[in-house]
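Visitor: I would like to learn how to read a protein model feature by feature. Could you walk me through this one?

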Amino acid sequence: MSCKNMGFSRPSEKFVLLFFFFLLINAFSLCAKPLIFGEDIDYPPYSFLDENNVPAGYNIDLTKAVASAAGFQCEIKLGKWTDVKQDLRDGMIDAIGGMVFSPERAKEFDFSIRHLANQYDLFIRKGDQGAILSDLSGKEIVVQNGDIGHEFLVSMNFPGKLILTDTVPDALRLIESGKHFGALLTRAQGYYLVKTLKLKNLKPAGIDMMSLSYCMAVKRGNEKLVSQLNSALLSLKHSGAYQEIYDKWFGIYEEETVLQKIVHHLSYYSIPLSISVLFVFFWLIMSHYRLIRINRSLAESETRNRALLVAIPDLMFLFSEDLRFLECNADESKDTSFYKSPKDFLGKKVRDVLPPMLVPLTEEKVYSVISTGREEKYEYSLEMHNQHREFESRVVPCGKNRALAIVRDITERRNFEKRLSEKEQHFQIALEATHSSSFEILMRDSVFTASNSVFAKLGYETVPRSLEEFFGLLCDLDKQKCIDCVKKQYSPEEPIFYHEFRLCDSSGRLIWHSASGKATEWDVNGCPTRLIGLITDISERKKAEDSRLEMERRLLHSQKLESLGVLAGGIAHDFNNLLTAILGNLDLAKLDISISSPAYPSITAATKASMRAADLTRQLLAYSGKGKFLNKLVNLSELVNEMAHLMRTSMSRSISLSMQLKSDILPIRADPSQVQQIIMNLIVNASEAIGKNNGHISISTGVQYCDSSYLAKSSCKEKAKAGEFVYLEVNDDGCGMDENTKSRLFDPFFTTKFTGRGLGMSAVLGIMNAQHGAIIVYSEVGKGSTFKVLFPSISHEEASKEKGSSDSGKRKAVSLKFAGKILVVDDEEAVAFVCQNYLKKMGIVSEIARDGLEALEMFSSSPDEYKCIILDLTMPKMDGTIVFSKVRQIKPDLKVILSSGYNQQEATQRFTGKGLAGFIQKPFQLEALRDILQKVFIFSKD
């Protein structure tokens with residue numbers, strides 16, 4: 001369309017039209033509401049109040065120039081920086097002229113193009129040495145609160161201490177005063193403030209800490225204003241106006257000439273005017289051609305749209321203001337049950353066509369749309385052809401006083417939604433019953449979504465939104481395995497995955513879970529893009545498995561120890577018989593020779609060696625749990641102190657020893673030799689752990705209360721009951737033990753040293769089992785080991801009473817006068833003869849039976865001759881238990897003394913309540929036999 005056709009025939013008239021059009025645009029912009037820009041009130045040279053209390057600075061000048069170039073008015077408000085940012089969030093201001101861009105800030109603000117590159121540096125006193133980042137640990141750095149420098153130091157986990165101020169000048173004054181190390185700010189700002197504030201003692205440290213983009217910022221979503229700001233900034237940079245503002249505040253500049261100012265001002269106004277004229281001219285031409293194209297395609301478009309409307313399965317009706325049907329896309333294929341053909345309702349009113357129940361609702365919605373211009377949506381149901389059908393109707397404005405209704409049959413969708421809802425409900429119930437959550441992973445964007453049941457149980461209010469967040473909840477030991485499991489889905493050989501891992505709950509506890517699922521979508525390269533599956537809480541199953549494995553381990557360990565215990569007990573029993581014969585004959589030999597005899601020292605040495613062998617058998621019995629302990633009150637600290645010299649000689653000279661022994665310790669009831677055995681075995685074990693290296697062993701004693709949860713860590717078979725315990729703790733800084741070594745530590749013959757060792761720790765375990773105590777072991781590879789043995793304590797009052805009763809119970813030695821015989825029954829001939837000779841030395845007549853049957857025959861022939869029977873427990877043909885029962889049937893008041901290599905508790909438990917007169921453990925000597933006979937009978941004194 002030409003200008004002539006529009007009524008403008010001369011070029012001057014065209015120019016006048018364009019000039020008035022430009023004035024109209026500028027007048028409109030002047031009438032528009034001014035935009036409010038916020039700036040920091042004390043951030044020179046960017047923004048501040050000058051001596052006349054007027055806003056000044058680089059940001060102020062730039063904001064005014066941008067507003068002028070963009071053609072809008074602006075108002076500038078100054079305030080604290082934190083308040084200015086909050087005003088922008090709350091919509092109290094429209095923009096900020098200067099804000100450093102960061103990804104975190106981009107989450108809540110939109111930024112213009114960069115108009116300045118800010119180089120941040122650390123300003124320090126001139127006398128201080130320049131620093132690098134690694135030297136800032138422990139330093140006090142001053143920074144403006146809320147500044148990007150503050151955010152940067154927080155994000156990098158700054159190793160020093162942050163001092164926050166409200167303004168940057170305050171930060172520099174603090175450094176000048178010597179109170180802190182340095183202040184973080186832009187280098188240009190620092191130079192400006194050092195000069196203007198006359199701070200002569202400050203300098204930049206020369207650290208390029210960060211270079212950031214300085215932009216204009218608006219509230220997120222205001223893309224239109226960002227576009228205006230960008231256009232204006234580009235215009236200022238092209239015109240040279242931006243360089244003037246920059247040189248004024250940051251550069252070294254010269255005063256412009258009058259000609260330069262005129263050129264600048266002309267370019268300032270001529271460029272926008274030229275752009276506006278060209279835009280209007282181009283718009284007029286394009287409008288003319290666009291109108292031609294529109295008119296050409298209208299007919300085609302109308303035909304096409306009519307075909308589309310008919311093809312749409314939804315019913316569409318156009319209503320007039322008086323609620324008449326004006327148009328529709330209906331044909332005979334779209335059955336509504338309201339008509340047979342369009343002629344049945346076109347031109348008719350709603351109430352003449354629709355069912356009565358639907359008329360009020362339809363009229364209300366159509367009236368509302370025509371009068372308000374707002375869309376209305378409603379649903380209704382009808383009975384059609386003996387079927388329940390549901391419909392959705394959407395009514396929208398369509399021209400003046402017109403309304404378009406779109407009706408859709410949603411019966412199938414509603415049925416599907418109902419079935420889907422039921423299935424989802426069933427699925428959710430199944431997930432909750434199995435402590436599971438469904439999840440989905442979008443591999444390309446690392447997006448993670450899941451139902452909240454498992455994570456709510458872990459104490460989290462929200463579900464992780466990404467794979468990184470989910471992996472952050474994993475135990476560090478399981479993280480890499482889980483990542484590898486996900487990566488395996490890139491292989492077609494892994495259609496279904498299953499992996500077990502531990503998740504940290506909100507309190508930091510690790511809970512076992514499993515994940516299973518498969519890939520459901522792949523890209524063109526065959527890589528999975530979507531994974532779905534289930535996360536299940538398997539902590540209860542893991543606990544059950546751990547309990548089962550622990551029970552199996554303990555059962556096997558118990559069976560192994562029981563088998564070895566039977567073997568050790570049998571060996572010790574037989575060995576005790578031999579020792580009884582050896583000690584007895586040595587004892588008898590000493591009685592028959594003079595002390596001055598040359599053989600007497602040899603016999604004494606042999607007796608001592610035999611007693612050491614007896615100690616060895618007691619150790620074997622202790623391991624088997626059948627040892628007899630000569631229990632008495634023991635002060636553990638005193639016993640350790642007495643063994644100090646022996647302990648020192650058993651260790652390498654490269655190992656130091658320290659002891660912390662509690663002096664007023666509670667007493668324990670134990671066999672001192674067995675306790676010494678424990679001490680020595682623990683010291684030897686610690687010394688061997690250190691080896692030839694320099695090391696240290698510490699020994700401490702004390703008293704502590706132990707509850708059942710602490711005692712459950714004990715390595716003893718039966719866990720001790722809660723209460724007060726006296727402890728012995730041996731700590732070394734040796735090689736330590738891994739879990740496998742700790743699990744086998746108390747196994748017989750297990751050792752990490754040379755072969756032929758390994759009974760020491762198993763003996764310790766046997767002794768502590770018999771003492772009803774506990775053994776707690778702490779050890780890590782390369783960090784040494786700590787062994788703590790716990791003995792049940794008794795109070796000082798109980799110890800005093802027991803000592804008094806034992807002192808009052810002592811008897812003076814008496815000579816024996818005995819009427820009658822004693823029958824000695826033992827299958828070991830040497831033991832029987834020793835015992836007979838002992839009795840002979842005491843003036844007692846005795847006879848020997850070599851097994852149970854022989855003893856029963858001898859006793860049955862003349863029961864009144866025998867005053868007492870010394871009866872061996874373990875014998876062939878008939879053991880001591882049966883013999884005891886038989887002889888007591890013949891003579892109920894017969895005194896029977898049981899003899900055995902096992903301890904008293906083990907040997908006499910089958911005779912409880914049956915009137916056993918006494919017990920003597922092999923190997924025994926003359927004095928022991930004399931003492932037991934004194935206890936059984938009442939003898940006359942000399």
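Guide: Gladly. Let us begin with a loop: Pro923 sits between strand 35 (918-921) and helix 29 (926-936). Please keep in mind that this is a predicted model.

Visitor: What kind of peptide bond joins Lys922 and Pro923?

Guide: As a general idea, most peptide bonds are trans. The bond between Lys922 and Pro923 is cis, with omega at about -5 degrees. Another cis bond runs from Pro44 to Pro45, where omega is near 0 degrees. Pro45 also belongs to a loop, the one between strand 2 (42-43) and strand 3 (47-49).

Visitor: And backbone phi? Which value does Leu323 take?

Guide: The general rule is that most residues other than glycine have a negative phi. Leu323 is not a glycine, yet its phi is positive, near 65 degrees. You will find Leu323 in the loop between strand 14 and strand 15 (325-328). Asn401 is another non-glycine residue with a positive phi, about 55 degrees, and its loop is the one between strand 17 and strand 18.

Visitor: Is Leu323 buried or exposed? And how does Asn401 count?

Guide: Here a cut-off helps: buried means under 20% relative accessible area, and exposed means over 50%. Leu323 has a relative accessible area of 4%, so it is buried. Asn401 is at 29%, so it counts as partly exposed.

Visitor: You mentioned strand 17 and strand 18. In which sense do they pair?

Guide: Strand 17 (residues 387-397) and strand 18 are antiparallel and share 7 bridges. One pair to look for is Pro397 with its bridge partner Ala403 in strand 18. The hairpin these strands make has 5 residues between them, and Gly399 there has a positive phi near 85 degrees.

Visitor: Which other strand pairs with strand 18 (residues 403-409)?

Guide: Strand 14 (residues 315-319) does, also in the antiparallel sense, over 5 bridges. In that pairing, Phe317 has Ala405 of strand 18 as its bridge partner.

Visitor: Can we zoom in on one residue of strand 18? What does Arg408 touch?

Guide: When reading a strand, remember that in a regular one the side chains alternate between the two faces of the sheet. Arg408 is found in strand 18. Beyond its neighbours within four places in sequence, it is in contact with Asp314, Glu390, Phe391 and Glu392. The C-alpha atoms of Arg408 and Met316 are 9.0 Å apart, although 92 residues separate the two along the chain. With a relative accessible area of 38%, Arg408 is partly exposed.

Visitor: Now a whole sheet, please. In what order do the strands of the 5-strand open sheet come?

Guide: The order is 20-19-23-22-21, with antiparallel pairing. Its edges are strand 20 (447-450) and strand 21 (496-504), each of which pairs on one side only. On average, neighbouring strands of this sheet are turned by 25 degrees against each other, direction ignored. At the strand 21 edge, 9 bridges link this strand to strand 22 (residues 510-522) in an antiparallel arrangement, and Cys504 stands opposite Leu510. Helix 15 (residues 476-487) lies across strand 21 and strand 23 (528-537), at about 155 degrees to strand 21.

Visitor: Is there any empty space inside? How many cavities of 30 Å³ or more does the structure hold?

Guide: There are 4 of them, and the largest holds about 140 Å³ of space. Its lining comprises 16 residues, with Ile441, Cys482, Val486, Phe497 and Ala515 nearest its centre. Among the elements that supply at least two lining residues each are helix 15, strand 21 and strand 23.

Visitor: Finally, the packing. Which residues have the most contacts inside the largest nonpolar core?

Guide: In soluble globular proteins, nonpolar side chains tend to be buried together. The largest nonpolar core here has 60 residues, and Tyr58, Leu62, Leu122 and Leu184 have the most contacts inside it. Residues touched by Leu184 include Tyr120, Ile141, Val143, Leu153 and Met209. A second, separate core of 40 residues includes Ala686, Ile699, Val726 and Val777.

Visitor: And what about the chain overall?

Guide: The protein chain has 29 helices and 35 strands. Of its 942 residues, 42% count as buried. Among contacts with a separation of 6 or more, 64% come from residues 24 or more positions apart.

Terms used:
Residues numbered from 1 in each chain as written. Predicted model: local features only at pLDDT ≥ 70, side-chain atom pairs only at ≥ 80, totals over all residues. Heavy atoms only, no water. Pairing = 2+ DSSP bridges. Helix = DSSP H or I, 4+ residues; strand = E, 2+ residues; numbered from the N terminus. Axes fitted to C-alpha atoms, helices over the stretch in contact; angles between N-to-C directions. Contact = heavy atoms within 4.5 Å. Core = buried A, V, L, I, M, F, W, Y, C linked by side-chain atoms within 4.5 Å. Buried < 20%, exposed > 50% of the residue type's maximum accessible area, 1.4 Å probe, protein only. 1 Å grid on protein atoms, 1.4 Å probe; cavity = no way out; pocket = protein on both sides within 12 Å on 5 of 7 lines; lining within 4 Å. Points joined across faces, edges and corners; volume = space filled by probe spheres on them.
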